[in-house]
Amino acid sequence: MAKTVSCRDVGADCDFVARGNSEDEIMQTLSEHARTDHQMSEIPTELAARARAAIHDEAA
Ligand SMILES: [Zn+2]
């Protein structure tokens, strides 16, 4: 089952949703999005931990 996390899940006012088959895949998608759309050169450790904790199985 695919996993997913949205920017909203970590408190950002943004409709971006990252999905993938593993946490690492999602974190990579999310960090790319943060870099291009949120002008974050790097996701802060605290935010990354919050995002990782918010990753959940995609509803069928
Ligand atoms: Zn976003």
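Donors are N, O and S atoms within 2.8 Å of the metal. In this predicted model, the zinc ion has four protein donors: C7, C14, H33 and H38. Along the chain these donors follow the spacing C-x6-C-x18-H-x4-H. The points below describe the zinc site, helix α2 and the largest pocket.

**Zinc site**
- The zinc ion is bound through the SG atoms of C7 and C14 and the NE2 atoms of H33 and H38, at 2.0 to 2.3 Å.
- The site is tetrahedral, with angles of 99 to 117° among the four donor atoms.
- Two of these donors, C7 and H33, link distant parts of the chain, being 26 residues apart. C7 lies in the loop between β1 (3-6) and β2 (17-20), whereas H33 belongs to helix α1 (residues 23-37).
- Both C7 and H33 are buried.

**Helix α2**
- In helix α2 (residues 45-54), the buried residues are L47, A48, A51 and A54.
- These buried residues line one face of the helix, because they fall within an arc of 125° when seen down the axis of α2.
- T45, E46 and A53, on the other side of α2, are exposed.
- The cover over the buried residues of α2 includes β1, α1 and β3 (56-57).

**Largest pocket**
- The largest pocket holds about 150 Å³ of space.
- Its lining includes the zinc donors C7, H33 and H38, and L47 and A51 are also among the lining residues.
- Helices α1 and α2 each supply at least two residues of this lining.
- With three residues, α1 gives the most to the lining of the largest pocket.

Methods: Residues numbered from 1 in each chain as written. Predicted model: local features only at pLDDT ≥ 70, side-chain atom pairs only at ≥ 80, totals over all residues. Heavy atoms only, no water. Donors = N, O, S within 2.8 Å, 3.2 Å for Na, K, Ca; no water. Tetrahedral: all angles 85-135°; square planar, octahedral: opposite > 155°, others 65-115°. Helix = DSSP H or I, 4+ residues; strand = E, 2+ residues; numbered from the N terminus. Buried < 20%, exposed > 50% of the residue type's maximum accessible area, 1.4 Å probe, protein only. Arc of directions from axis to C-beta. Contact = heavy atoms within 4.5 Å. 1 Å grid on protein atoms, 1.4 Å probe; cavity = no way out; pocket = protein on both sides within 12 Å on 5 of 7 lines; lining within 4 Å. Points joined across faces, edges and corners; volume = space filled by probe spheres on them.
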